[in-house]
Amino acid sequence: MRPSRVLLVEDDEGVAAAMADALRLNGFRVDRARTVADAYDAFRREPPDLVLLDRTLPDGDGAALIRSIRRHSDTPVILVTARADAALRVQGLEAGADDYVVKPFGMRELLARVRAVLRRTGHRDGPPGAVYLYPEDGTDPPRTAAVLHLQLRRVVPSVPHGQADPAPEQLSGKEFDLLVLLVRATGRVVSREVIAEQVWGSSWVADSRTLDVHVSAVRGKLGHRSMVRSVRGVGYRLAARVEGR
């Protein structure tokens with residue numbers, strides 16, 4: 001199953017970059033457009049699985065783009081609106097939008113709405129089945145992969161060749177979310193701030209050691225503690241080759 005593809009239509013570069021990063025870190029493919037014209041072109045080149053659309057754009061009205069999409073496609077559309085624009089939200093829904101999110105919004109809310117709309121319209125985001133994690137360092141004896149079972153939310157630890165198969169380790173909700181975030185960002189450092197936003201949201205306490213405790217637990221359950229590397233003063237990265245995404 002391929003990752004769901006999102007067409008993000010937003011002219012504010014800072015807002016668009018934050019939204020695109022959150023989507024990509026959570027397993028989505030993202031194409032960007034700044035204007036109605038760019039969005040028309042992107043949609044014609046490769047119709048996306050979902051459109052995330054700012055209500056007001058430099059060259060026109062997002063509702064006009066929705067009406068154009070609806071003439072030939074049932075691709076789901078989520079409208080991004082300003083808090084004061086209640087009438088515009090209604091117009092967007094009447095034009096054919098499937099849902100809306102109101103600025104300012106948290107990335108967890110955005111992701112929840114994207115996933116909910118994709119579920120309702122018969123799409124599934126992200127990778128199914130199992131993900132295999134092979135330690136990238138060569139200092140230890142050769143090991144088997146750690147296996148992350150996405151549907152079951154558990155991991156089979158990595159062990160040296162020749163040892164008995166280990167028992168699966170169940171991941172808590174936050175441990176699972178943390179590990180999936182790192183897997184989807186393989187090769188990149190994920191900052192503590194991004195992890196806090198994506199995994200804990202508004203319940204995060206800035207001076208809490210909760211993140212460090214969860215990272216330690218994930219390391220232990222992977223069976224190869226160096227798979228999750230600390231980058232001093234920044235955050236963490238997954239030090240592993242990933243297969244099966």
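# A tour of the predicted model, starting at D49

Select D49 and R5: the side chain of D49 reaches the backbone nitrogen of R5 at 2.7 Å. This is a predicted model, so every distance given here is computed from it. D49 sits in the loop that runs between helix 2 and strand 3. Is D49 buried or exposed? D49 counts as buried because its relative accessibility is 7%, and the cut-off for buried is under 20%.

**The whole chain**

Zoom out and colour by secondary structure. The protein has eight helices and 15 strands. Of its 245 residues, 47% count as buried. Taking the contacts with a separation of 6 or more, 58% are between residues 24 or more positions apart.

**Helix 3**

Next, select residues 62-70, which make up helix 3. At the start of this helix, show the side chain of D61: one of its oxygens comes to within 2.9 Å of the backbone nitrogen of A63. Which residues of helix 3 are buried? They are G62, A63, L65, I66, S68 and I69. Some of the spacing in that list fits a general rule: an α-helix has 3.6 residues a turn, so residues three or four places apart point the same way. To see what covers the buried residues of helix 3, add helix 2 (36-45) and helix 4 (86-95) to the selection. The cover also includes strand 3 (50-54), strand 5 (60-61) and strand 6 (77-82).

**A cis peptide bond**

Move to K103 and P104. The peptide bond joining K103 and P104 is cis, with omega at about -10°. P104 itself is in the loop between strand 7 (99-103) and helix 5 (107-120).

**The nonpolar cores**

Now select L133, L148, L179, I195, L222 and L238. These residues have the most contacts inside the largest nonpolar core, which has 30 residues. Two or more residues of this core come from each of strand 8 (130-135), strand 9 (146-149), helix 6 (173-184), helix 7, helix 8 (210-222), strand 14 (235-238) and strand 15 (240-243). Which element gives the largest share of this core? Helix 6 does, with seven residues. Apart from this core lies another, of 21 residues, including V6, M19, V30 and V114. In soluble globular proteins, nonpolar side chains tend to be buried together.

Keep L133 on screen and show what surrounds it. Beyond its neighbours within four places in sequence, L133 is in contact with A145, A146, L179, V183, L222, M227, L238, A240, R241 and V242.

**The second largest pocket**

Turn on the surface and select D21, A22, L25, V190 and V194. The second largest pocket holds about 160 Å³ of space, and these five are the closest to its centre of the 14 residues that line it. Helix 1 (13-25), strand 12 and helix 7 (192-200) each give two or more residues to the lining. By type, the lining residues divide into eight nonpolar, two polar and four charged.

**S191, the last stop**

Finish at S191, in strand 12 (residues 190-191). S191 counts as buried because its relative accessible area is 19%, and the cut-off is under 20%. Which residues does S191 contact, leaving aside its neighbours within four places in sequence? They are V234 and G235. Now add R237: S191 and R237 are 46 residues apart in sequence, while their C-alpha atoms are 8.7 Å apart in space.

Terms used: Residues are numbered from 1 along each chain as its sequence is written. This is a predicted model: local features need pLDDT of at least 70, side-chain atom pairs count only at pLDDT 80 or more; totals for chains, interfaces and linings use all residues. Side-chain values use heavy atoms; hydrogens and water are left out. Helices (H or I, at least four residues) and strands (E, at least two) are DSSP runs, numbered from the N terminus. Buried means under 20% relative accessible area, exposed over 50%, partly exposed in between (1.4 Å probe, protein chains only). Contact means heavy atoms within 4.5 Å. A polar contact is a pair of N or O atoms within 3.5 Å; within protein, one must be able to donate a hydrogen and the other to accept it, and residues adjacent in sequence count only if both atoms are side-chain atoms. On a 1 Å grid over the protein atoms alone, a cavity is a set of points where a 1.4 Å probe fits but cannot get out, and a pocket is an open set with protein on both sides within 12 Å along at least five of seven lines; lining residues have an atom within 4 Å of a point. Grid points are joined across faces, edges and corners, and a volume is the space filled by probe spheres set on the points. Ala, Val, Leu, Ile, Met, Phe, Trp, Tyr, Cys and Pro count as nonpolar, Asp, Glu, Lys and Arg as charged, and the others, Gly among them, as polar. A nonpolar core is a set of buried Ala, Val, Leu, Ile, Met, Phe, Trp, Tyr and Cys residues joined through side-chain atoms within 4.5 Å.
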